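Subject: Structure for you to look at

Dear colleague,

I am passing on the structure we spoke of, and below it you will find my notes on what turned up. Please read them with the structure open beside you.

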Amino acid sequence: MVTQIVLISGCSSGIGLATAVHLAKDAEKRFKVYATMRNLAKKEPLEEEGKDFLGETLIIKQMDVCSDESVSQSVKEILETEGKIDVLCKFTK
């Protein structure tokens with residue numbers, strides 16, 4: 001089975017956080033989630049809820065969707081590491 005690479009923005013709280021954790025905890029490990037947020041100081045709730053998957057199917061990164069440079073850099077890093085991005089979810093407040 002091929003792992004789907006998922007990039008999610010807005011993961012510091014709410015539906016972004018819930019979606020990232022839900023996909024990362026998939027028992028069949030069908031997804032590798034890059035959970036992003038503008039301010040990494042707010043990553044504690046995501047780290048707590050996803051602690052069993054951190055570094056495996058859940059990767060936390062800084063990305064500001066209001067900054068083209070930040071988005072380009074994050075996408076570039078993921079593509080260099082994974083070679084693809086299969087799913088993009090953008091959640092904002």
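A residue is called buried here when its relative accessible area is under 20%, and exposed when that area is over 50%. Please keep in mind that this is a predicted model.

I began with helix α1, which spans residues 14-24 and in which G16, L17, T19, A20, V21, L23 and A24 are buried. In an α-helix there are 3.6 residues a turn, so residues three or four places apart point the same way. The cover over the buried residues of α1 includes the strands β1 (4-9), β2 (31-37) and β3 (58-62), as well as the helix α2 (44-49).

Two of those strands, β2 and β3, run parallel and are joined by five bridges; among the residues involved, V33 has L58 in β3 as its bridge partner. Between these strands the chain passes through α2, and the resulting β-α-β crossover from β2 to β3 is right-handed.

I then turned to the cysteines, where a search of the whole structure gives zero disulfides. Why is C66 without a bond? The closest cysteine sulfur, in C11, lies 15 Å from the sulfur of C66, which is too far for a bond. C89 is likewise in no disulfide, the nearest cysteine sulfur being that of C11, 8.6 Å away. As for their surroundings, C66 counts as exposed because its relative accessibility is 65%, whereas C89, at 18% relative accessibility, counts as buried.

With best wishes

How values were computed
Residues are numbered from 1 along each chain as its sequence is written. This is a predicted model: local features need pLDDT of at least 70, side-chain atom pairs count only at pLDDT 80 or more; totals for chains, interfaces and linings use all residues. Side-chain values use heavy atoms; hydrogens and water are left out. Buried means under 20% relative accessible area, exposed over 50%, partly exposed in between (1.4 Å probe, protein chains only). Helices (H or I, at least four residues) and strands (E, at least two) are DSSP runs, numbered from the N terminus. Contact means heavy atoms within 4.5 Å. A disulfide is a pair of cysteine sulfur atoms within 2.5 Å. Two strands pair if DSSP finds at least two bridges between them. A crossover is right-handed if, with the strands pointing away from the viewer, the path from the first strand over the helix to the second runs clockwise.
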